[in-house]
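I sat down with this one to see how its sheet is put together and what covers it. Here are my notes, in the order I looked things up.

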Amino acid sequence: MGSPRLPPRDAAQAGSSKRYGQQRQSHGSAGHHHDGPAGQHDDNGGADDLSSDTMTTLKPVHKAGRAARPRRRGGADSSSDQCSSSGAETTPTPWLKFAGSSDKRPTLGYEVRCFRKFMALTDGEKASRNKLFSTIHEQAQLIWPTCATTVYGSFALSLSLPKSDVDISIEQCGKLAEEDMTAFIGNITALGFENKGVSISPIVYFFACKDPKSNITGNIVLVPMSSRSRESVELIQRQLAKYPEAEGVIMIVRTVHQQCNLGNVTGLTSFCTTLMVLRICQRYPDDYKWDAGDLLETYLRHYSSEFDFNTKSIVLGDVDAAKPPDHSKAPVSICDPLDPHNNVAEHCLSIHGICQQYNYCLMACATSSKGSRTPLSTFIAHRELWGRYDKMRA
């Protein structure tokens, strides 16, 4: 997907974009990403002047650090949640058709939940990833009999997209001798796996391999002792259980990143995106019941025009954290929940383009009420997703 084609903007929106440019002009646009053992390897101006009929307004944060509650348009249990009051017919999308939805215009919250179910891995896709993990585990046991093999990242969190990799940690390997690593990689490739690259550091050994049959890549991290990957997964799982509507928003934002090539080595990883969405949830009272559409719009608005990446850091449990001194040179600061000194977005240098895309998504979504397209289909390319629909219905 190339550069977004922005919808026509009125004078107010143009002024908003100008303000954005003044705020964001210092951010870079190229580089390479890094996640620690707890991270993952996968995968235009502010919108304050958009119509209040289609956008949720995020009010200023109170002194206590919590944002005022956004205006609700119907919660998950509302009888009007599936269709908007206009009742106009819309162009079909694969995720709504998969849900058996009518052609009437859906609310954004309902569409987010339909997208989440549509993009969730099928039993066959889960089986392929489990098979890859089992193969890696068996081969690791041959070389390091006492090692422990763990899945972390989006697959462990049930947030994988159909094209997502599998992140695997092989721990307690002892001294990583070169001959052992050569034997391990040789055994993997002898099974038909493609060697996608090897990276060595003083602490860990990284190896990526691809299964040509399933087209799934395994990102393997080998460490001499233990890592905190399992602890990280459990921490995020607790947060997702607390904020269930976050899952659909995370998958939509990651799909935007994927389609616009903003989730690669210069963009935001799935772990970073997950932490960013959860931080939005934490800005509101613990008893607040999120609507998925409100959460998505709040996320896009906050990070496109309100959050100051130059001076602020994204930290779970601290909604107004200043950028740590040791993160000062990085365009984006997202603290590892288990190690605040580890910036899991250290090499994300495409934040300017990401913010522009978020703002485009807001503007495009605002135009959906005037045409035949659903809110999500204004910024999610769904032509290739029809193939997934056909496969799932076969």
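I began with the S1 and S2 pair: the two strands run antiparallel and are joined by five bridges. I count strands as paired if DSSP finds at least two bridges between them. Within this pair, Thr149 stands opposite Ile170 in S2.

A note on the source before going on: this is a predicted model, where local features need pLDDT of at least 70 and side-chain atom pairs count only at pLDDT 80 or more, while totals for chains, interfaces and linings use all residues. Residues are numbered from 1 along each chain as its sequence is written, and side-chain values use heavy atoms, with hydrogens and water left out.

Next I looked at what S2 does on its other pairing. S2 and S5 pair in the parallel sense, over five bridges, and Val166 stands opposite Gly218 in S5.

How much of S2 is buried? I found six of its six residues buried, meaning under 20% relative accessible area (exposed is over 50%, partly exposed in between; 1.4 Å probe, protein chains only). Both faces are covered: Val166, Ile168 and Ile170 are buried on one side, and Asp167, Ser169 and Glu171 on the other.

I then followed S5 to its pairing with S4. Strand S4 (residues 205-211) and strand S5 (residues 216-222) are antiparallel over seven bridges, with Lys210 opposite Thr217 in S5.

Then I checked which helices pack on the sheet, taking contact as heavy atoms within 4.5 Å. Helix H5 (residues 178-190) packs there and touches S2 (166-171), S3, S4 and S5; its direction makes about 10 degrees with that of S4. Helix H6 (residues 229-242) also packs on the sheet, touching S1 and S2, and makes about 30 degrees with the direction of S1. For these angles, axes are lines fitted to C-alpha atoms, for helices over the stretch in contact, and the angles run from 0 to 180 degrees between N-to-C directions.

What is the strand order of the whole sheet? I read it as S1-S2-S5-S4-S3, an open sheet of five strands with mixed pairing. Strands S1 (148-152) and S3 (194-200) stand at the edges with a single partner strand each, so one side of each is left without a neighbour in the sheet. Neighbouring strands are turned by 20 degrees against each other on average, direction ignored.

Last, I stepped back to the protein, which has 11 helices and seven strands. Those are DSSP runs numbered from the N terminus (helices H or I, at least four residues; strands E, at least two). Of its 394 residues, 53% count as buried.
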